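Hi,

Here is the structure I promised to pass on. Have a look at it, then read on for what turned up.

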There are 2 protein chains.
Amino acid sequence: MADGTASYAPVAADLSDARRRDEADPLREFRERFAIGVDPIAYLDGNSLGRPPKATIERLHQVLDAEWAGRLILSWPERWVDLPAQVGDQLAQTVLGSGPGQTVIADSTTVNLFKALHAACGLRPDRTEIVVDDANFPTDRYLVDSIAAERELTVRRLSPDPESGVTASTLAQVIGPRTAVVLLSHVDYRSGYLADLAGITTAVHEVGGVVVWDLSHSAGLVPMSLDEAGVDFAVGCTYKYLNAGPGAPAFLYVAAQHLSAVSQPITGWFGAADVFAMAASYEPAPDIRRMLSGTPSVLGIVAVQEGLTLIAEAGLDRIRAKAVDLTEYTIALADEKLAPLGASVASPRAAADRGGHVTIRCAGAEDVTRRLVEAGVVPDFRNPDLIRLGLSPLTTTYAEVWTAVDIFARITSRRGFTA
Amino acid sequence: MADGTASYAPVAADLSDARRRDEADPLREFRERFAIGVDPIAYLDGNSLGRPPKATIERLHQVLDAEWAGRLILSWPERWVDLPAQVGDQLAQTVLGSGPGQTVIADSTTVNLFKALHAACGLRPDRTEIVVDDANFPTDRYLVDSIAAERELTVRRLSPDPESGVTASTLAQVIGPRTAVVLLSHVDYRSGYLADLAGITTAVHEVGGVVVWDLSHSAGLVPMSLDEAGVDFAVGCTYKYLNAGPGAPAFLYVAAQHLSAVSQPITGWFGAADVFAMAASYEPAPDIRRMLSGTPSVLGIVAVQEGLTLIAEAGLDRIRAKAVDLTEYTIALADEKLAPLGASVASPRAAADRGGHVTIRCAGAEDVTRRLVEAGVVPDFRNPDLIRLGLSPLTTTYAEVWTAVDIFARITSRRGFTA
């Protein structure tokens, strides 16, 4: 399937065909559950910031009025104090395919990754290497460098072909008896490459290492089963496919088997065994709460909860099926309309290797992105020559994709860099 | 003034007197700017969670509808990306009495304190001791222990009389040429003791140390001038006197003179010199943004902004004057009505030594707190025998205080532990 465009049936590349696909979409009614205005005409950046569910806006109003204004501090014991672990459990069940007691919603992805990496390294104190790949999101790479320096570990870097990504076999070249921790992204933020989470986890375990997965670009999009795959740690963000809003708190998963042994250095009161004992010294909570630190963002967590409720209702299998179909359709359109203009698909061509976005490589990508936005099409530019077309199964329509690619073609054509 | 109740004029302890005080309050109109329902009848826990300003609720609706739903990802470059430093500057000017470019709004107080302590220790790499006092908030003490263990520092603990607190002279007993960092709270979360921020800062500098102030219980309540006092680092929370809501992001101040030298270990993309360059390795921002880590909470930061706007309008001097008057009034009432029942004031009696809450020590404090809440009076219990009466100058009325102390007296009287 990686041999080009031949495996794709030609698309009837007109808008009425796209509209027929939308009519036939089993998830079509979910779009009405989101607050969607007339602009932009095509929003293809839900993998950076998902649209707001109407229920989330209503719920936030309720929290502001009834819980904050109405019950004030009493809402902490009544409703809020257990939210990080409660909504963590909901996320585990809905998105991670894992059991309760292993997940919290808290802090940013960055902070959670910092804690997870420290906790993971702490499980292999005698090992000296930490592995990351060059295609990983900057924060992930930066944190590996920071923690390696602090703990005197050597960083081993993988440089896979960005359009194929890390596999168990490419990983085998750099892991071994010195490997403490491997940090990888489930879906590559640039290419959209979907890694083999279970196979790679097994490969890391075979050399005695611990794996940390960044699920930011797969959570809420790709069905997974962290418990079954034996994943040790995972983190991810909630403002993409979970639609929890700008800067909403992230999630952190620690496999139950590790919970009694892990520690993390940001020791705040919400991670203590008894939050309100105000004890003389820190005793970590016996459970997943030990990964918490400060006072959690209530508005952020309830937004996560509403996003999860929608995902659960739609079902991850249906979401994944639509993601596959939307990305296939996007690639076919791009091959037909953009490739002749010199803009090529830079995402995996096999659906099984692909997350929820399709990336186009083209000259002048930053300028093209600006022109697309001016024309009412919102994709995402990624330095230096990539344009991501993010497809959110609950809100993106085939008509949006058709319109976006059509305008993309007109813009690049007008710019004159045809092949 | 520390010799008991003699310095207080007797209060005309009836509700009509309290109402006359409310009539004469120059800040009385500010209460109408908050969303306040009929319950509770007396809310004396604004120092745990401040009430919501009406403008904040309106602003959040606007962000949800116009910015998130309306502009989607485009709001990041248009409005959101600079919020941490922009609102940080607003907080610096309004609350910290300090210049721009030294403050950000981000993360939780815990996470910011973790970063500030690491950054502070990094400025004194050859020194071996870190100082904290036993009365400090648990998170502060826990973090000092965590960071000391990580950096192989010795923790020196101060155990001041909790009702008087840390002074430059008590501090002198434990600081010296080995002192790297001193972490103290400006206002003690239990007693309400207000430390001499400028004097202690000078004392720490005299031995060559670096000071980190936790301003959680003074920000928005006590005028201060961090620049003039020469403070090195400060952190604090925004959901108390800044009314930014449950779990709103905290602030972090780093004196300009240190900015080029400080580093912190949670190296996420928002702290990088060019956030969107997606660089091969981490290069910290040249400015205060280097203290940032992950994607900031937009809803939280705009709530901080609205709270600050109210504070600026009221003016910190008027806020402080009312805090002094409210606490004097509360102490006088407590002396008159509670002391004969065996419940004593456990806060400093000199107004200059006191923040915004008055703490009562009494037998069965947890049970008394429960009964108070049932009767519509909301204070805060602090383990094991303290009840905090938090007084928020912009929202707390004298009538609320009178009612609270009156009901407090009836409850303790009924319990039968009179002196």
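Leu117(A) is a good place to start: leaving aside residues up to four places away in sequence, it touches Leu143(A), Val144(A), Ile147(A), Val181(A), Leu183(A) and Val212(A). Keep in mind that this is a predicted model. Leu117(A) and Leu117(B) are the residues that touch the most other members of the largest nonpolar core, which holds 272 residues. As a general background point, nonpolar side chains tend to be buried together in soluble globular proteins.

Next, how do the two chains meet? Chain A and chain B each put 57 residues into the contact. On the side of chain B that touches chain A, the elements giving two or more residues are α2 (54-71), α5 (109-122), α6 (138-151) and α10 (298-314) of chain B. The largest share there comes from α6(B), with 7 residues. Sorted by class, that side of chain B has 32 nonpolar, 19 polar and 6 charged residues.

Now for the sheet in chain A. Its 4 strands make an open sheet, ordered β9-β10-β13-β12 (chain A), with antiparallel pairing. Why do β9 (344-345) and β12 (380-382) of chain A each have a side without a neighbour in the sheet? They stand at the edges and each has a single partner strand, so one side is left free of a neighbour in the sheet. β12(A) runs antiparallel to β13 (residues 386-390) of chain A, and 3 bridges join the two. One pairing to look for is Arg382(A), whose bridge partner in β13(A) is Leu386(A).

Two helices pack on this chain A sheet. Helix α11 (residues 316-338) of chain A touches β9, β10 (357-361) and β13 of chain A, and its direction makes about 20° with that of β10(A). Helix α12 (residues 365-374) of chain A touches β12 and β13 of chain A, at about 40° to the direction of β13(A).

Over in chain B, there is an open sheet of 4 strands in the order β9-β10-β13-β12 (chain B), again with antiparallel pairing. The edge strands are β9 and β12 (380-382) of chain B, each pairing on one side only. Strand β9 (residues 344-345) of chain B is joined to β10(B) by 2 bridges, and Val345(B) has Ile360(B) as its bridge partner in β10(B). Between β10(B) and strand β13 (residues 386-390) of chain B there are 5 bridges; His357(B), for one, has Gly390(B) as its bridge partner in β13(B). Strand β10 (residues 357-361) of chain B has 4 of its 5 residues buried, so the rest of the structure largely encloses it.

The chain B helices are worth a look too. Helix α11 (residues 316-337) of chain B lies across β9, β10 and β13 of chain B, at about 20° to β10(B). α12(B) lies across β12 and β13 of chain B, at about 40° to β13(B). Which residues of helix α12 (residues 365-374) of chain B are buried? They are Ala365(B), Val368(B), Thr369(B) and Leu372(B). Seen down the axis of α12(B), these buried residues fall within an arc of 100°, so they line one face of the helix. Just after α12(B) comes Gly376(B), with a positive phi of about 90°.

Finally, a few spots in the loops. Met224(A) sits in the loop between β6 (210-214) and α9 (226-229) of chain A. Is Met224(A) buried or exposed? With 22 other C-beta atoms within 10 Å, Met224(A) is buried. Not counting residues up to four places away in sequence, Met224(A) touches Leu96(A), Gly97(A), Leu197(A) and Ser218(A).

Some backbone details caught my eye as well:

- Leu72(A), in the loop between α2 (54-71) and α3 (75-80) of chain A, has a positive phi near 50° without being a glycine. Leu72(A) counts as buried, with 23 C-beta neighbours inside 10 Å.
- Asn243(B), in the loop between β7 (233-236) and β8 (250-254) of chain B, is not a glycine but has a positive phi of about 55°. Asn243(B) is buried, with 30 other C-beta atoms within 10 Å.
- The peptide bond from Asp39(B) to Pro40(B) is cis, with omega near -15°. Pro40(B) is in the loop between α1 (15-24) and β1 (42-43) of chain B.
- The peptide bond from Asn383(B) to Pro384(B) is cis, with omega near 0°. Pro384(B) is in the loop between β12 and β13 of chain B.

Cheers

Technical notes:
Residues are numbered from 1 along each chain as its sequence is written. Chains are lettered from A and ligands numbered from 1 in the order in which they are written. This is a predicted model: local features need pLDDT of at least 70, side-chain atom pairs count only at pLDDT 80 or more; totals for chains, interfaces and linings use all residues. Two residues are in contact if their C-beta atoms, placed from the backbone, lie within 7 Å. Ala, Val, Leu, Ile, Met, Phe, Trp, Tyr, Cys and Pro count as nonpolar, Asp, Glu, Lys and Arg as charged, and the others, Gly among them, as polar. A nonpolar core is a set of buried Ala, Val, Leu, Ile, Met, Phe, Trp, Tyr and Cys residues joined through C-beta atoms within 7 Å. A residue is buried if 20 or more other C-beta atoms lie within 10 Å of its own, exposed if 12 or fewer, and partly exposed in between; C-beta atoms are placed from the backbone. Two strands pair if DSSP finds at least two bridges between them. Axes are lines fitted to C-alpha atoms, for helices over the stretch in contact, and angles run from 0 to 180 degrees between N-to-C directions. The arc is that of the directions from the helix axis to the C-beta atoms.
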